[in-house]
Amino acid sequence: MDEILDMTINEMPLAEFDCSCGRHHSFPVHDISIRKGAIEDLPRVCAPFKDGKLLVVFDSNTYEVAGRKAVELLKDAGFDVKELLFETGKDILIPDERTVGRILLECELGTSLIVAVGSGSINDSVKFVTSRMKIPYVVVGTAPSMDGYVSDGAPVIIAGRKYSPLAHLTYGLIGDTDILATAPQDLISAGFGDVVGKITALVDWDLSVKVTGEYRCDTCCTLTQRALDKCFATADGLPRRDGEALGALMEALTMTGVAMALINVSRPASGTEHLFSHFWEMDSIARGENPHHHGLQVGVATPVVARIYQLLSDILPEGTAEMCPSPDEIRALLACGGAPTTPPEIGIGRELFHDSVMGAADVRPRYSVLRFARDNGRLESIADQLTQELYG
Ligand SMILES: [Zn+2]
Ligand SMILES: [Zn+2]
């Protein structure tokens, strides 16, 4: 039972077990390789699809850091490879109709697998297309920037609006720490912020278990917590792109995906800190501005949520407040990993911040500490106090 707790992340693919939570869990990803030099594993991961054609997708930036090497390795191993380069120059690729449509149009008959070389948009677009074509994809990560490598949702933009339709999980994930070390610093900080957010995600889950009787899997909590501990212990190596620190960050981002996939519940990955981030992002999109990186927003929201737990400690169920580190501890952790620590630092204005405390609870239909505050008549006073503390 729960033998997954004794596995390294690279051993977890296809794990299946009866869990102490009473459910049977299985993890359908076939291959994970997170290590220095992991790109060398690409031909082995793709081997079951050698009879068909491979489409390898990258943009100007990811071609330089990993795409050229990926194509070379696959061709040397005898694969039938077609390349698709999005000539983005210094621009960012958007996962919209143009990008998704182009991938589909470049797919020849007999394509058995698509290799996505890139994080974010390339991963999301390829994930979406392959889910609809019912063929697998493999992702070569180029930045430890988000926790979407192992997730079945594919955020895409349709007619200018963002959606997160259900897609499917990747067949395999390559996380080569030498490649991740070439990522821009703001993407590394964003990934770290997203991981820091799991602190309050786990506390929110605990609150919901106690207040609403929601299901929880302790094995998945342990898996997530261990990955966080490992990542936080090496966080000071992130600003100097230390290989061990980047590997631990990539592992933590992947592990929350593993935990989610095991139980089909997003609780290990997101709580109230994500509600704030979604609220701020919707505001940016509505005003036609580019949102901040998801993880940077999640990161600065995390000490805010910890402060909400502090302010409610007199009425919280027993043990919940104690699970949450103090806002100061979380800000120190963010700073150690090189990430911003407060909403004003990333340009969240006073009014938007107050609105988000009042309204973020309704961004997703799920129980959160904001609902707990509202149900207990404390939300408005908390919004006023937090705003005062952060903006004076
Ligand atoms: Zn996230
Ligand atoms: Zn379980």
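Begin this tour of a predicted model by selecting C21, which is partly exposed because its relative accessible area is 24%, between the 20% limit for buried and the 50% limit for exposed. Keep C21 displayed and add the zinc ion (ligand 2), whose protein donors are C19 (SG), C21 (SG), H25 (NE2) and C217 (SG), lying 2.1 to 2.3 Å from the ion. If you check the angles between these four donor atoms at the zinc ion, you should find values of 100 to 121°, which makes the arrangement tetrahedral. For reference while you look, the ideal angle for four tetrahedral donors is 109.5 degrees.

Now follow the donors of the zinc ion (ligand 2) along the chain, where their spacing reads C-x1-C-x3-H-x191-C. C21 sits in the loop between β1 (16-18) and β2 (24-26), while C217 sits in the loop between α7 (198-212) and α8 (218-233), so the pair ties together parts that are 196 residues apart in sequence. Select C217 and compute its accessibility: at 0% relative accessible area, C217 is buried, whereas C21 is partly exposed at 24%.

From C217, step back to helix α7 and colour its residues by accessibility. The helix is mostly covered, with 11 of its 15 residues buried; among the buried residues are K198, D204, W205 and D206. A distance drawn between the end C-alpha atoms of α7 comes to 20 Å, which agrees with the 21 Å that 15 residues should span at 1.5 Å a residue. Just after α7, select G213, where phi is positive at about 75°.

Next, go to helix α10 (residues 272-286) and select H274, which is found in this helix. H274 counts as buried because its relative accessibility is 5%. Setting aside residues up to four places away in sequence, show what H274 touches: D194, K198, A269, H294 and V298. K198 is also one of the buried residues of α7. Then select H278, which has its place in α10 too, and which counts as buried at 17% relative accessibility. With residues up to four places away in sequence again left out, H278 touches H294, V363 and R364; H294 appeared in the list for H274 as well.

Widen the view to the largest nonpolar core, which has 107 residues, and select F27, F192, F232, L262, F276, W280 and I308, the members that touch the most others. Helix α9 (residues 243-263) gives this core its largest share, 12 residues, and the core draws at least three residues from each of domain 1 (3-180) and domain 2 (185-216 + 267-391). As a general background to such a view, nonpolar side chains in soluble globular proteins tend to be buried together. For a closer look, centre on I308 and show F276, V369, L370, I382 and L386, which I308 touches when residues up to four places away in sequence are not counted. Apart from this core lies another, of 24 residues, and C46, V56, L73 and V138 are among them.

To see the division of the chain, colour domain 1 (3-180) and domain 2 (185-216 + 267-391) separately, as the domain assignment gives them. The C-alpha centres of the two domains lie 30 Å apart, and the contact takes 11 residues from domain 1 and 11 residues from domain 2.

Turn next to I122, which lies in helix α4 and is buried, with a relative accessible area of 3%. Draw a distance from its C-alpha atom to that of V57, and you should find 7.4 Å between residues that are 65 places apart along the chain. Leaving aside neighbours within four places in sequence, I122 is in contact with V57, F58, D59, T62, L93, A116 and V117.

Finish with two backbone details, bearing in mind that most residues other than glycine have a negative phi. Select K134 in the loop between α4 (121-133) and β7 (137-140), where phi is positive, near 60°; K134 is exposed, with a relative accessible area of 74%. Then select A159 in the loop between β8 (156-158) and β9 (161-163), which has a positive phi of about 50° although it is not a glycine, and which counts as exposed at 69% relative accessibility.

Conventions: Residues are numbered from 1 along each chain as its sequence is written. Chains are lettered from A and ligands numbered from 1 in the order in which they are written. This is a predicted model: local features need pLDDT of at least 70, side-chain atom pairs count only at pLDDT 80 or more; totals for chains, interfaces and linings use all residues. Side-chain values use heavy atoms; hydrogens and water are left out. Donors are N, O and S atoms within 2.8 Å of the metal (3.2 Å for Na, K and Ca); water is not among the atoms, so sites may look incomplete. Four donors count as tetrahedral if all angles lie between 85 and 135 degrees; four count as square planar and six as octahedral if opposite donors are over 155 degrees apart and all others between 65 and 115; anything else is irregular. Helices (H or I, at least four residues) and strands (E, at least two) are DSSP runs, numbered from the N terminus. Buried means under 20% relative accessible area, exposed over 50%, partly exposed in between (1.4 Å probe, protein chains only). A nonpolar core is a set of buried Ala, Val, Leu, Ile, Met, Phe, Trp, Tyr and Cys residues joined through side-chain atoms within 4.5 Å. Domain bounds come from an automatic or database domain assignment. Contact means heavy atoms within 4.5 Å. The expected span of a helix is 1.5 Å times one less than its number of residues.
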